[in-house]
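Work through the exercises that follow with the model open beside you, and try each task before you read its solution.

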Amino acid sequence: MRRLAGGLVVAAALAAGGALAAQTAIPEIPFEANADLLKTPPDVFLGEVGGVGANSKGQIFVYTRTGHPYATLGDNRTFARNGSRLFEFDRTGRFVRELGQDVYGFNAAIGLRVDAQDNVWTIDAAASQIVKFDPQGRVALVLGRKPEAIAVRTAPPAAGGGGRGGGGTPGAGTPGSSFSRPADVAWDAAGNIYVADGLGTNNRVAKFDKDGRFIRHWGSTGSGRGEFNGVKAIAVDAQGKVYVADAGNKRVQVFDPDGAFLAEFGNIGTPRAMCLTRGVTPYLYIAHAGDDDGMEDAAIYKVRLDGTPVGRFGTAGKMPKQFGLANSIDCRSEDELLVGEMTNWRVQRITLKR
Amino acid sequence: MKRAGSGFAALVILIALAGGAWPASGRLAAQTKATATNVPVIPHEAVPNFFKNPPGIYTGENMGIATNSKGAIYIYHRANETRLFEYSPLGVFVREIGRGNYGFAFAHSVRVDAEDNIWAVDEGTDMLIKFSPAGKVLMTIGRREDPVAMLSNMPGAGAFHGRNANYRFGRETDVAFDQQGNIFVSDGYFDARVVKYDRTGRFVKAVGTRGAGNLQFNTPHSIATDFQGNVYVGDRGNARVQVLDNDLNWKASYTTVGNPWAVCVSGGPGPKNPGKQYLYVSNSWPDSAPAAAAEFTGEVYKMELDGTIIGKFGRAGKAPGEFATIHQMDCRNPDVIYTAEINDWRAQKILLKAGAR
């Protein structure tokens, strides 16, 4: 509710302020959308789509919220379970299978990425965990630990959020993988792992090597350089530069691989999802939603890596070609995107025209 | 695991009780006796054991019931999970729709629109879920509260908030559609308003605050439209039906038929001639089935759209033809009333007969 109020203020400010004029200067990219792409069996439903991604064969993976977690009762640990599921579809949208049935930490889907080796990584905001599934569907790596117990109307949320952590300074986080509502993951060419951490009490980027060993982290709560207000999405380019969607500050910050600040750019609204293309000339797609319901003000921007806008497409709403809180973008193909939405419970395949 | 979930809800309620803090907002003033007098009684009978479930299939508290243009019947109910069942026109279980989808938590009502799409109204998730006749999700309105925030702040039973957000509800209760496909939502326990959306789900307008004046509501609990686009709101806590025009301006209040838990306008949705339309209003037996209130509640009124009472039928009780807390009615055919009832976990098919007396 507090977030809602904030979102409305943002929307009102956008409607009234000069940001609107800046947006209209950006050309509209013509596009088509298939809003009926994914076909599920009669007893399988997509809920809010936390994340969508495709692998090198075009297979599509969706991590979605299918209910609220249930709390156990009567033990001396009240912990949450259930709430989200991971589905695989073929490139035509036909349902193939479910992965990760009954795993320990599928509670509140917030993101999904597929890496260069076709591993599927799920990001969960309630378990505060990132799970790597290999192409065979086996669990290959787990980052972060699900809280052993949840408070029932007694304690405020624990700083640090994950596992036995929780001792971290708010806004900085504990060195390691004590995430607080992590939101996204990315990799550099060497396989190092970068975690956007996140939407909770940490405001940092955490870096691990390819085996999950903690290397470093950077960031704290604020609006200055290297400070964040909601780390929602992250991407790494071929040179190893790290692009961080700083949603609350309505900007993208760029860092070198060790976390040194390089640049920042705005004019992309409130960034809630981001994808970096892999072509010769890479671009960033950035999904903006100015209100928390995704019904008033939304678009996806295409920008160069220096932040120069190329164009934008889409509006807010529930119809095809509109977006209801786009939360995830797959841009393996520069002109054929997959966009997962929270409030519209769907994935659209977007075909951009040049 | 599902039982653990509902058990947990019970725990929260216990906590609330221990603190002496039963949320007043979710509770209503005691059911009142209808003030209409000398109302003719319409003879009626219940079709015995009309709804037939296969072994292993049960309905829980029957919260919502609706028919489509082909006579199929939908029941939205609270069993161990909240579930939506489809029955044939003969009352035989056909299939389940939407099991385990993100929007199902605590059933409140179900309606069918002019294209036979099925709209589930869920007060647990604050959502409307629109299914195609084949059971595919076509649209949602409202949003389930983010579970992550809830992990450290279990809301328990909640309380009235009057948030009045364009795309969020506060335990909304029911939905109706006009001839143009506009969507009207009665919202609800934690808001006190009527909300209008266009057919694409875009917010148009909302009216209402908490209170007892015109265009004020105390738990708007049920909603229906007529062929002209007028909107009938069961203003349950205020013991009246408020009638609004299509732009949600106040037109009238019908104040003599008790607390309207369920309202229904005959004729069905959609751009067709509905025939002469009637308004049905249930002055339902309260949901805890108190013996005292059984003496003066439970009956259903049949009215002209202008509020003139034609007659009444039924009374509180659990025998066939009595009503064990009607929560929703379907009246597509004005002489065949389907009831969804909380107590006795049942639905009934009621045949109205000529000769009110």
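## Exercise 1: The second largest pocket

In this predicted model, strand E9 of chain B makes the biggest contribution to the lining of the second largest pocket, namely four residues. Task: describe the second largest pocket by its volume, by the residues closest to its centre, and by the classes of the residues in its lining.

Solution. Begin with the space itself, which for the second largest pocket comes to about 980 Å³. Next, turn to the residues around that space: 46 residues line the second largest pocket, and those closest to its centre are B:Lys130, B:Lys136, B:Val137, B:Leu138 and B:Met139. Then ask which elements each supply at least two residues of the lining; they are strand E30 (346-352) of chain A, together with strand E5 (93-97) and strand E9 (137-141) of chain B. Finally, sort the lining by class, which gives 23 nonpolar, nine polar and 14 charged residues.

## Exercise 2: The two chains side by side

Task: set out, for chain A and then for chain B, the secondary structure, the share of buried residues and the accessible surface.

Solution. Start with chain A, whose secondary structure comes to two helices and 30 strands. Of its 354 residues, 58% are buried, and its accessible surface is about 13600 Å², with 51% of that belonging to carbon and sulfur atoms. When the contacts in chain A between residues at least 6 apart in sequence are considered, 47% of them join residues at least 24 apart.

Continue with chain B, which has three helices and 26 strands. Here 59% of the 357 residues count as buried, while the accessible surface comes to about 13100 Å², of which carbon and sulfur atoms hold 55%. For contacts in chain B between residues at least 6 apart in sequence, the share that joins residues at least 24 apart is 51%.

## Exercise 3: Two residues of chain A

Task: decide whether A:Gln129 is buried or exposed, do likewise for A:Pro175, and then describe the surroundings of each residue.

Solution. First place A:Gln129, which belongs to strand E10 (residues 129-133) of chain A. Its relative accessibility is 7%, and since buried means under 20% relative accessible area, A:Gln129 counts as buried because of that value. Next look at its side chain, where a polar atom lies 3.2 Å from the backbone oxygen of A:Gly144. Once neighbours within four places in sequence are left aside, the residues in contact with A:Gln129 include A:Gly105, A:Thr122, A:Ile123, A:Asp124 and A:Pro182, and A:Gly144 is also among them.

Now place A:Pro175, which is found in the loop between strand E11 (139-143) and strand E12 (184-187) of chain A. Its relative accessible area is 58%, so A:Pro175 is exposed, the cut-off for exposed being over 50%. Not counting residues up to four places away in sequence, A:Pro175 touches A:Arg204, A:Phe214 and A:His217. As a last step, follow the chain from A:Pro175 to A:Pro257: the two are 82 residues apart in sequence, and from C-alpha to C-alpha they are 17 Å apart in space.

## Exercise 4: The cavities

Task: state how many cavities of 30 Å³ or more the structure holds, and then describe the largest cavity and the second largest cavity.

Solution. The structure holds five cavities of 30 Å³ or more. The largest cavity contains about 310 Å³ of space, and among the 25 residues that line it, B:Arg111, B:Val112, B:Val265, B:Gly268 and B:Pro269 lie nearest its centre. The elements of chain B that give two or more residues to this lining include strand E2 (61-67), strand E6 (107-112) and strand E24 (326-333), and it is E24 of chain B that provides the largest share, four residues. By class, the lining of the largest cavity has 14 nonpolar, seven polar and four charged residues.

The second largest cavity has a volume of about 90 Å³. Its lining consists of 14 residues, and A:Arg113, A:Asp184, A:Ala273, A:Asn327 and A:Ser328 lie nearest its centre. Strand E8 (109-114), strand E18 (231-236), strand E22 (271-276) and strand E28 (326-333) of chain A give two or more residues to the lining of the second largest cavity, with the largest share, four residues, coming from E8 of chain A. Sorted by class, this lining has seven nonpolar, three polar and four charged residues.

Terms used. Residues numbered from 1 in each chain as written. Chains lettered and ligands numbered in written order. Predicted model: local features only at pLDDT ≥ 70, side-chain atom pairs only at ≥ 80, totals over all residues. Heavy atoms only, no water. Buried < 20%, exposed > 50% of the residue type's maximum accessible area, 1.4 Å probe, protein only. Polar contact = N/O pair within 3.5 Å; in protein donor to acceptor, adjacent residues only side chain to side chain. Contact = heavy atoms within 4.5 Å. Areas by Shrake-Rupley, 256 points an atom, 1.4 Å probe, with all protein chains shown as cover. 1 Å grid on protein atoms, 1.4 Å probe; cavity = no way out; pocket = protein on both sides within 12 Å on 5 of 7 lines; lining within 4 Å. Points joined across faces, edges and corners; volume = space filled by probe spheres on them. Nonpolar A, V, L, I, M, F, W, Y, C, P; charged D, E, K, R; others polar.
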